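Good morning, colleagues. Please take a moment to look at the sequence and the model on the screen before I begin.

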Amino acid sequence: FLRERYDLPILGMEPAVKPAAAATKTGVIGVLATVGTLKSAQFAALLESYGKSVEVVTQACHGLVECIERGELESPATAALLQTYLQPLLQAGADTVVLGCTHYLFVRPLIEQLVGPEVILIDTGAAVAKHLKGRLQETSLLADASQSGRVKFWTNSEAADAKQVIS
């Protein structure tokens, strides 16, 4: 719908199961994601393509997006919620954890504290940014540093909460 409506590059996001499967030493990877992502056909296809050689332990993170959108990036409540979600992955032996939602990058430092340095965290942020830059260059939409542009944000959070996080 969005690609039809807007003449702009629109990239889809998916959890980084492929690089996680390549990175694991224990053969167990964990995936933190939203319920919608974990139930999606795209995620099932990722598991079918790249998850066959490893054990994939998934964890739906109810309420985590909302904590992040409220700006509660280091709060005790967010830490407790994350600990609840990470514990099953760690107990299953996951040595690699996929941050399967764009929001989760904002709490990566907290996740790193909770899992320790022996667990590899994988997100798609840098790869997607690189891909987007290439698409913007291909379509002559990439501004150079001397140009100014406009940024619009859409959110399903309360506006006051979103403003805090966006800034």
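**Salt bridges, a helix pair and two residues**

The structure holds 5 salt bridges. I should state at once that this is a predicted model. I shall discuss several of these charged pairs, then turn to a packed pair of helices, and close with two individual residues.

Let me begin with Arg108 and Asp123. Their side chains form a salt bridge, with 2.6 Å from N to O. This pair joins distant parts of the chain, the two residues being 15 apart. Arg108 belongs to helix H7, whereas Asp123 lies in the loop between strand E4 (120–122) and helix H8 (125–138). Are these two side chains buried or exposed? Arg108 has a relative accessibility of 21% and therefore counts as partly exposed, since buried would require a value under 20%. Asp123, at 23%, is likewise classed as partly exposed. The pair also does not stand alone: Arg108, Glu112 and Asp123 are linked in a network of salt bridges.

The next pair is found in helix H8. Glu138 and Arg135 meet in a salt bridge, at 3.9 Å from N to O. Because these residues are 3 positions apart in helix H8, about one helical turn separates Glu138 from Arg135. Their surroundings can be described separately. Glu138 is exposed, with a relative accessible area of 62%, while Arg135 is partly exposed, at 27%.

A further salt bridge joins Glu72 to Arg70, and here the closest N and O atoms are 2.9 Å apart. Glu72 is partly exposed at 26% relative accessibility, and Arg70 is also partly exposed, at 35%.

I now turn to the helices. How do helix H6 and helix H7 pack? Helix H6 covers residues 76–91 and helix H7 covers residues 108–115; the angle between them is about 50 degrees, and their axes are 10 Å apart. The two helices are therefore oblique to each other. Their crossing is right-handed. On the H6 side, the contact is made by Thr78, Ala79, Leu82, Gln83, Leu86 and Leu90. On the H7 side, Leu110, Ile111, Leu114 and Val115 take part. What is the character of the residues in this contact? They divide into 8 nonpolar and 2 polar, with no charged residue.

Two individual residues remain. Gln59 is located in strand E2, which comprises residues 55–60. With a relative accessible area of 16%, Gln59 is buried, because that value is under 20%. Which residues does Gln59 touch, if those up to four places away in sequence are not counted? They are Val31, Leu32, Ala33, Leu38, Tyr85, Pro88 and Leu89.

The second residue is Val165, in helix H9, which spans residues 159–166. Val165 counts as partly exposed, at 28% relative accessibility. Leaving aside neighbours within four places in sequence, Val165 is in contact with Ile68, Glu69, Arg70 and Gly71. Among these is Arg70, the residue already introduced as the salt-bridge partner of Glu72. Finally, Val165 and Leu73 are 92 residues apart in sequence, and their C-alpha atoms are 9.3 Å apart in space.

Thank you for your attention.

Notes
Residues numbered from 1 in each chain as written. Predicted model: local features only at pLDDT ≥ 70, side-chain atom pairs only at ≥ 80, totals over all residues. Heavy atoms only, no water. Helix = DSSP H or I, 4+ residues; strand = E, 2+ residues; numbered from the N terminus. Buried < 20%, exposed > 50% of the residue type's maximum accessible area, 1.4 Å probe, protein only. Contact = heavy atoms within 4.5 Å. Axes fitted to C-alpha atoms, helices over the stretch in contact; angles between N-to-C directions. Parallel < 35°, antiparallel > 145°, perpendicular 65-115°, else oblique. Left-handed = near helix turned anticlockwise from the far one by under 90°. Nonpolar A, V, L, I, M, F, W, Y, C, P; charged D, E, K, R; others polar. Salt bridge = Lys/Arg side-chain N within 4 Å of Asp/Glu carboxyl O.
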